[in-house]
Amino acid sequence: MTGIYIHVPFCIRKCPYCKFCSKPLRPADIPAYTAAVMRNISALSGKGITADTVYFGGGTPSLLPPESVEDILSALRSNITLVSPEITLEANPSSVTREKLIGWKNAGVNRLSFGVQSADDEELKFLGRLHDFSRAESTVRMAHEVGFDNISCDLMIGLKGQDSSSLDRTLDKMLRLPIMHLSAYMLSIEDGTAFDCEEVRCSVPDEDEVSDLYLQLCGRMKSAGFERYEISNWAKDGRRSRHNLKYWKLEPYIGIGASAHSDFGGRRYFCPDDIEGFMSAGVQRRECEDDSPDRFEEYVMLGLRISEGISRKRLAELGGEEAAKKIFGNAKPLIKAGLIEEKNGRIALTDKGALVSNAVITSLI
Ligand code: SF4
């Protein structure tokens, strides 16, 4: 089944490390953007699309009032078939109120992903976030109180001043929250962002220190009963992100909104990173990224991110028996090095392998 991604490209202000498509919100943007999303949803009508996930990502989707979320979800229900959908909304603790939580829940949102990032207020200040941990903590608890039982939090590693003890303290606090899922991101200094300078580069932990923090995180999450089902995602009681799994399992998804990507009908395409253009167009302009993607290579690159890994059978279906044999042959030294494990005709990354996933994938291909 298909996944629907709605990009909400507005933020209160730009975080210094962020390269996502977003801009400061003006009051008139919400109705104009909501209307543009709904026009694009109407354009999906009559195509026989059945979806089981909807994901509001950003930017800051929690800037959307419940009425906008309700309008967008009603448009989806009217134009495509939604089957027991997981409906996720990304939320920043600084833009959440009890009223909004109740409204989103009534509109059909059943999963929240909070950009908490750290429980250390100095680290949050370094990231330029608008919340402190106490605000994040009370917001996550409030979401749970109003009835959200599928809550995820984001955590960042590789931050200025972060070391093994501060990560331990952050995890102590975050793991006491009523969460079922955690996504961890390593800070990466992107060209053209405010962090793109020597001063910041020199102040953050180096690669070896970040590797140690990642392995520490893997150990702590396992002890807390969370399974690592993807390189940087952990879930409790099977509450994996059904939507994000579609990206790694090569299942189809349709992205709506400025900069949103799609993989649908055998083609990969994207909407340009042009917020004004998206709002003024009747239907979003699409640019083709790849009209004949190499599914064999994609399966290796994306399938290895998840804990199930890749299967010899599927490799043979996508690229032929010889190609499958070559991948499994290339895996042998990596298995010896403890970077990959092989089980029941599948290979998957170990925790150690997940740290150097790009190098492992290159060696395999
Ligand atoms: S809130 Fe998220 S999307 Fe917005 S600027 Fe900060 S990191 Fe980027």
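A crossing of two helices is right-handed if the near helix is turned clockwise from the far one by less than a right angle. Keep that handy for the exercises below, and remember that this is a predicted model.

**Exercise 1. Work out how α6 packs on α8, and which residues do the touching.**

Step 1: start with the geometry. Helix α6 (residues 164–174) meets α8 at an angle of about 30°, and the two axes are 10 Å apart.

Step 2: turn the angle into a word. Angles under 35 degrees count as roughly parallel, so α6 runs roughly parallel to α8.

Step 3: add the hand. Using the definition at the top, α6 passes α8 in a right-handed crossing.

Step 4: list the residues. On the α6 side you'll find S164, L167 and L171, and on the α8 side D212, L213, Q216, L217 and R220. Sorted by class, this contact has four nonpolar, two polar and two charged residues.

**Exercise 2. Follow α12 to its two partners, α11 and α13, and describe each pairing.**

Step 1: take α11 to begin with. Helix α11 (residues 295–303) packs against α12 at about 155°, with 8 Å between the axes. Angles over 145 degrees count as roughly antiparallel, so that label goes to α11 and α12.

Step 2: see who is involved. R295, F296 and Y299 of α11 face R314, L315, L318 and G319 of α12. The tally for this contact is four nonpolar, one polar and two charged.

Step 3: move on to α13. Here α12 (residues 312–319) and α13 (residues 321–336) pack at about 135°, and their axes are 7 Å apart. This pair is therefore oblique, and its crossing is right-handed.

Step 4: name the contacts again. From α12 come R312, L315, A316 and G319, and they meet E321, A323, A324, I327 and F328 of α13. By class that gives six nonpolar residues, one polar and two charged.

Step 5: put the two lists side by side. L315 and G319 turn up in the contact with α11 and also in the one with α13.

**Exercise 3. Find out which elements of domain 1 touch domain 2.**

Step 1: set the bounds. Domain 1 covers 2–247 and domain 2 covers 296–364. Their centres, taken over C-alpha atoms, are 29 Å apart.

Step 2: count the contacts. Nine residues of domain 1 touch eight residues of domain 2.

Step 3: assign the domain 1 side. Two or more residues each come from α8 (207–223) and β9 (227–230). The largest share, four residues, belongs to α8.

Step 4: check the chemistry. That side of domain 1 has six nonpolar residues, one polar and two charged.

**Exercise 4. List the residues around the ligand, then look for unusual backbone geometry.**

Step 1: collect the shell. It consists of C11, K14, C15, C18, F20, S22, G58, G59, T60 and N92. Split by class, the shell has four nonpolar, five polar and one charged residue.

Step 2: recall what is usual. Most peptide bonds are trans, and most residues other than glycine have a negative phi.

Step 3: inspect the glycine pair in the shell. G58 and G59 are joined by a cis peptide bond, with omega about 20°. G59 sits in the loop between β4 (50–58) and α2 (66–79).

Step 4: look for an odd phi. S84 is not a glycine, yet its phi is positive, about 35°. You'll find S84 in strand β5 (residues 81–91).

Notes. Residues are numbered from 1 along each chain as its sequence is written. This is a predicted model: local features need pLDDT of at least 70, side-chain atom pairs count only at pLDDT 80 or more; totals for chains, interfaces and linings use all residues. A residue is near a molecule or strand if its C-beta atom, placed from the backbone, lies within 6 Å of it. Ala, Val, Leu, Ile, Met, Phe, Trp, Tyr, Cys and Pro count as nonpolar, Asp, Glu, Lys and Arg as charged, and the others, Gly among them, as polar. Axes are lines fitted to C-alpha atoms, for helices over the stretch in contact, and angles run from 0 to 180 degrees between N-to-C directions. Angles under 35 degrees count as roughly parallel, over 145 as roughly antiparallel, 65 to 115 as roughly perpendicular and the rest as oblique. Two residues are in contact if their C-beta atoms, placed from the backbone, lie within 7 Å. Domain bounds come from an automatic or database domain assignment.
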